Amino acid sequence: MDDIQKKLMSPSKASREDITGRIISYTCIAAIIILVISILYFITSRGVATFTTNHVNLWQFLSGEEWNPGTLNDHGQPQVGALPMIVTSFSVTILAALLATPFAIAVALFMTDIAPKNGAKFLQPVIELLVGIPSVVYGFIGLTVVVPAIRHIFGGTGSGILAGTIVLFVMVLPTITSLAVDALRAVPAYFRSASLALGATRFQTIYKVLLRAAMPRLLTAVIFGMARAFGEALAVQMVIGNAVLMPHNLVTPTATLTSQLTTNIGNTIMGTLPNNALWSLALILLLMSLVFNLIIRYIGKRGEIKS
Amino acid sequence: MQAYDLSQTHIVTPAEEIALSTNQLQVYYGNSKHASMSDASLSFPRFQITALIGASGSGKSTYLRSLNRLNDRIARIKGEIIYRHTNINDSKVNVYEVRKHIGMVFQKPNPFAKSISENITFALKAQGITNRQELKQRVETSLKEAALWDEVKDDLNKSALALSGGQQQRLCIARAIAMKPDILLLDEPASALDPISTTKLEVTLKELAKNYTIIIVTHNMQQASRISTYTAFFHLGHVLEYDRTERIFQTPMIQATHDYVTGNFG
Amino acid sequence: MTPHQSDRIATQLINLLVGIVVLILLFLLGDIVLSGFPHISWHFLTSPSSSFSAGGGVRDQLFNSLYLLVLTLIISFPLALGSAIYLSEYAGDNWFTGLIRTAIEVLSSLPSVVVGLFGYLLFVIEFHMGFSILSGAIALTFFNLPLLVRSIEGSLHAVPNSQREAGSALGLSNWRTIRGIILPVALPGILTGIILSAGRVFGEAAALIYTAGQSAPLLDYSNWNPTSSSSFLNPMRPAETLAVHIWKVNTEGVTPDAVSISAGASAVLIIVILIFNFGARAIGNQMYKKMTGGK
């Protein structure tokens, strides 16, 4: 009797096990938090060195069109104008998303509402496979197929925003499609049946009911695609031309933030201005991915389907 | 629903030896300030079956799950739960030990995705029992006590998930009593079962009451009157009446109890 | 235009767009298959690469990719498992959990080139690990962690709560319940998640070019001493992977048969990833059947 009372009041094997378990899982989660914080910290501290150590004017960095970190301009300031890369990065991202969205939504509608059986059976595995194709493979196909084709039609080298856009379009299409399928499947079936029962045609149902109900998640899908396109490095680097020039049309060589980083970070010396300036580009990438993240959260919070 | 006076109660203290009792037990879910269970003071006699009855949402399951501190993670529980002269509702008390002595069987059969014998031996091994002979013995005894042995003795290594619902529930009982608990809590154990399995289960429970103190939550008033010695009637988070089962069903003292057991409730 | 006309036109339009996408897909897969498969030969898979002359193979790159994948999984799986267990079993519904989830989301949305650069900065330079398989594996771990955590957490979450209650009610510690009851049930899902993430890791290049490096020193496959610099097992040697190789031969342009090498290597990459995808499904189904006793 007393023995049981004593056992009730003292720790046992089970309570020790539980402490072990807590320590293990808390340690893992702490490692992830430390990791994220140190990524943010290291990239940021390197990225701001251009402005704090090398005293480059932030506005000139963002609006300058000349990227030549080794030389000084007329004002004695180094030429680190990131605008061409910022413009190119945004151009390829937005163009690829604009191009991919209608296709992605059409395919998603086809899979969910027009031919759910055959469409899903055939398209679903293919799209899953395409999501998994490594980006260098996309880049390689861009280099061997898209660039020569553009060269053939428009002349010049063939590399540039158009080639980048086409490669990214193909890359983000499966991503946006599979998220759009999820979005449309999340619309409750009674939305559809109610609309059809009221005599609406399928198109009216799709346009007025389905797309509206799924709109927030469709937007999220597009933003996800854009985030992927914006951060994509190698595939774009292979077809963009890698010349830091302000893009004036879609078929001349230029550079994105990512392509500039991958091409040059190994050719500069740590701690020098040319190197710091590259880290500033990485910082822009980091900040943009946070912005995409925030947008997705904002849309997600506002647009939950209430049923 | 008719409004009853919740302050008017009739609660007896059984004359028998008491195995477990609660004193002013209150349960608050999450951050809620509203008590889902208020001031429940009940004493459960040893080696008897006590039934907790009441409508859905009356708090009977909430109360039952607090007795082995299974609600710890999702609710705040105030008041005392006295077991062996110890208040086990105390953060200093080793909750894992508590649950070894106060076993539980749930509404839906929840066998582990393991073989029938592993279902029973898993917790025993965790306790440090490694002797194979003893483990085998415990499997056999507990399955016999739960009246399942004859049906499964040749399939002990088969997956427990392949059993029928009634068999699964009796396996869960066997799993609980293999720990040699003092008290067995059952949360509507028959509600997912067909009538034949239910009858079998009730026979098993009556048999088990010779060695265990049983507290059972049930929706089914016939079941309560068939198997229990004492019955507590729960309403809106309050215990309104607690007495010997025949008195609850034949001469209840409280209007709400009367209406409930005669079917004029709500 | 009547509603029915517009309905017809819209349907036609959707079919047209789907048709175009299907054509693109067929072209993509066809291109990879037709231009890549003819280059895959025993010789291609078993000879070392050559930078300046034609006829090089991808033996070392293929091995490096696999070795890197194994190392990455060895590092990332325990971390991901522990974190997923925290999130699904221990985390309360409070601001701290919200913060952790945000952190993981941020990590998953970071471009892989940024993750790679961070690995370069911290491990290659600050910790003097140099371009090495280990640096690469750590960078890939960062890249892989969020995906893996999410998939493992999902698998754990899919285990019914009644199983946890059953464990608790028997006086088992949460940890024992998780290890002995929840994990085995969640295992098929966890394995599927690992294999799918393996496909992603296998094809990743951007995070590697500045961590695992872009050179493939000749390896001695008979040297089993991991501390020896020529050993194929040495984790501190630089290691160009298959995906990085495709990128490099195309951007440096000194290898005469860059196109056929890349085509062959791309096909190899796709085949391996396909094997992963099918393997994930097959293993998941198999284990599920075994676990439920064929029911």
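## Chain C and its two neighbours

In this predicted model, 26 residues of chain B are in contact with 24 residues of chain C. Together the two chains bury about 1900 Å², and 60% of that area lies on carbon and sulfur atoms. On the side of chain B, three aromatic residues stand out: B:Tyr96, B:Phe112 and B:Phe122 supply 25% of the area that chain B buries against chain C, more than any other three residues.

The interface of chain B and chain C also has charged and polar links. One salt bridge is found across it. The partners are B:Arg65 and C:Glu165, whose closest N and O atoms are 2.5 Å apart. Polar contacts between chain B and chain C come to five residue pairs, with both residues at pLDDT 80 or more. Several elements of chain B take part in the contact surface: α2 (95-101), β8 (102-105), α3 (116-126) and α6 (165-177) each supply at least two residues of the side that touches chain C. By class, that side of chain B consists of 16 nonpolar, four polar and six charged residues.

The next place to look is inside chain B, at strand β12, which covers residues 238-244. Five of its seven residues are buried, so β12(B) is largely enclosed by the rest of the structure. Two other strands of chain B pair with β12(B). Strand β1 (residues 10-11) runs parallel to β12(B) and is joined to it by two bridges. Here B:His10 has B:Glu241 of β12(B) as its bridge partner. Strand β11 (residues 230-235) runs antiparallel to β12(B), with six bridges between them. In this pairing, B:Thr231 is matched with B:Asp243 of β12(B). The strands β11(B) and β12(B) form a hairpin with two residues between them. In the turn of that hairpin, B:Leu236 has a positive phi of about 50 degrees.

Chain C is built in another way. Its secondary structure comes to ten helices and zero strands, so that the pattern read along the sequence is α-α-α-α-α-α-α-α-α-α. Along the principal axes, the C-alpha trace of chain C spans about 70 × 70 × 40 Å. Chain C has 295 residues, of which 57% are buried. Among the contacts in chain C with a separation of 6 or more, 75% are between residues 24 or more positions apart.

Chain C also meets chain A. The contact takes 72 residues from chain A and 76 residues from chain C. Chain A and chain C bury about 6600 Å² between them, with 79% of it on carbon and sulfur atoms. Two salt bridges are counted between chain A and chain C. One of them links A:Glu17 to C:Arg176, with the closest N and O atoms 2.7 Å apart. Eleven residue pairs are in polar contact between these two chains, again with both residues at pLDDT 80 or more.

On chain A, helix α2 (residues 13-52) gives the largest share of the side that touches chain C, namely 21 residues. The classes on that side of chain A are 49 nonpolar, 15 polar and eight charged residues.

Note on methods:
Residues numbered from 1 in each chain as written. Chains lettered and ligands numbered in written order. Predicted model: local features only at pLDDT ≥ 70, side-chain atom pairs only at ≥ 80, totals over all residues. Heavy atoms only, no water. Contact = heavy atoms within 4.5 Å. Buried area = accessible area lost by both parts, 1.4 Å probe. Salt bridge = Lys/Arg side-chain N within 4 Å of Asp/Glu carboxyl O. Polar contact = N/O pair within 3.5 Å; in protein donor to acceptor, adjacent residues only side chain to side chain. Helix = DSSP H or I, 4+ residues; strand = E, 2+ residues; numbered from the N terminus. Nonpolar A, V, L, I, M, F, W, Y, C, P; charged D, E, K, R; others polar. Buried < 20%, exposed > 50% of the residue type's maximum accessible area, 1.4 Å probe, protein only. Pairing = 2+ DSSP bridges.
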